[in-house]
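Me: Could you walk me through a few labels people attach to a structure, and show me how each one is earned?

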Amino acid sequence: TWYAQETKGKTILTFDEAVKIGLRKNVDLNQQKNQLVANQAQKLGAYGNFLPNLNLTGNFTHQEGQQQNTTSGNLEDLSTDYLGGQFTVNLNLFNGLRNINTLSAANNQVMAQSYLVKRSTQDVVSTVASQYLQVLLDQELLKIAEENLNLQKALTEQMQGFYEVGSRPITDAYNQDALLKGAQVSFIRAKNALLNDKALLAQTLQLDPAETFDVVYPNLPADRIDFRTVSVDSLINVALENRPDWRQLNYQVAANTHSWKAAFAGYVPSLTAFMSYGSFYYSLIPNDFSEQFRTLNPSFQYGANITIPIFNRFQPRSQRVSARVTYDNAVINRDNLEKTIKIDVQRAVNNLINASENYDASLSQFQAGELALQAQKESYDLGVSAQVALAQATQTYVSGAASKAQAEVTLLFNRILLDYALGIISVDDYIERK
């Protein structure tokens, strides 16, 4: 089962369980793993190009009717049987270094694909983290909206009691009723946002839509490093050292370089050595099968073939141009990724610094709003302050609570985004060790 535990009838989906499910079921990641298996098979095939081809062939023919009698040379009406077999060996001696370059290309392609799998794993962690934390934020906002709704209900009942005893005007009761209706609308919107974001997370994790779950705060790294004191250039160097997609493209460029060199083999001669050994049985020869096959008819041959390309309908040129374009495009992608990495790191650092400052400010805002609401509630109960002041204090508290929840989740998410931008985000960091 995918869930971690059940609490008071509710299924709790922990962050480490969500990551495990994502890594197990993510379509893109599984496809990249399958492609890695295919690339490893191609690498084995590239090694095999250096080995000889070994083949054993056999054939049987029965013929009836007019045919030449091979023993006399006359055309006769005969019934004959022919059974033959042959063992052949072919070895490529030289083909313009195609085999060497093909093997180098295959080795680099395997390395490129392995780093692509690693980056795809990091993509899954980042995506799951983003959607999981959004559901977590929605849950907190729903709690705040529910708390505000309950508070407005209590104030409405209290206000109605004050009006009935004549200590408050009817306008206070009307205003409070309007605030209650607004709180109900906010609660409905918060509930709908939570349901939609839960559905998106469930779709990403390929969960059963009938399953209901809640999420909890994950055990993410809690360090609050002041990145304002850290050099962005040093972080960019960390990213260039660790980003799997950067390494992938470097290996891809190397693979395409060797593929381009391999295409040159179409312009140069190739040399192949061969050897064959075979024998046959023919029914018109009076000797028996064993004597014919073992003694009379065996043959052995060996030699070499050289092929000099003269005109091959522009196929070598077409292949070489295609390989060069593939190489050039890989270089363009690599250069573009280098710029992208620098921008990613700068953006991630700035966002994390802003998120940290915003969290500190929102915490102060929440604490101030909480104290203000408590003070205004006491003043209103004593008849010292007006209903408008109480409504403003309530709104300030609700806004502060929402800002605090938003800032806290944003800080967690931006910490993950920085690790993702640096290429150091690891599954082990977010999965509990049992």
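Reply: Happy to; what follows takes the labels one at a time, and please keep in mind that this is a predicted model.

Me: Why are α1 and α3 called oblique to each other?

Reply: Their axes cross at roughly 135 degrees. Angles over 145 would count as roughly antiparallel and 65 to 115 as roughly perpendicular, so α1 and α3 are oblique. The axes of these helices, residues 15-25 and 98-164, come within 9 Å, and the crossing is right-handed.

Me: What makes up the contact between α1 and α3?

Reply: From α1 come F15, A18, V19, G22 and L23, which meet T121, V124, V125, V128, A129 and Y132 of α3. By class, that gives 9 nonpolar, 2 polar and no charged residues.

Me: How do you know that L235, I236 and A239 are on the same side of α5?

Reply: These three residues of α5 (residues 232-242) are buried, and they cover an arc of only 105 degrees around the axis, which puts them on the same side. D233 and N237, on the other side of α5, are exposed.

Me: Why is L97 called partly exposed, whereas R313 counts as exposed?

Reply: Buried means under 20% and exposed means over 50%. L97, at 47%, falls in between, so partly exposed fits; R313, at 63%, is over the upper cut-off and therefore exposed.

Me: What is the phi of L97 and of R313?

Reply: Phi is near 65 degrees for L97 and about 55 degrees for R313; both values are positive, though neither residue is a glycine. L97 is in the loop between β4 and α3, while R313 lies in the loop between β7 and α8.

Note on methods
Residues are numbered from 1 along each chain as its sequence is written. This is a predicted model: local features need pLDDT of at least 70, side-chain atom pairs count only at pLDDT 80 or more; totals for chains, interfaces and linings use all residues. Side-chain values use heavy atoms; hydrogens and water are left out. Axes are lines fitted to C-alpha atoms, for helices over the stretch in contact, and angles run from 0 to 180 degrees between N-to-C directions. Helices (H or I, at least four residues) and strands (E, at least two) are DSSP runs, numbered from the N terminus. Angles under 35 degrees count as roughly parallel, over 145 as roughly antiparallel, 65 to 115 as roughly perpendicular and the rest as oblique. A crossing is left-handed if the near helix is turned anticlockwise from the far one by less than a right angle, and right-handed if clockwise. Contact means heavy atoms within 4.5 Å. Ala, Val, Leu, Ile, Met, Phe, Trp, Tyr, Cys and Pro count as nonpolar, Asp, Glu, Lys and Arg as charged, and the others, Gly among them, as polar. Buried means under 20% relative accessible area, exposed over 50%, partly exposed in between (1.4 Å probe, protein chains only). The arc is that of the directions from the helix axis to the C-beta atoms.
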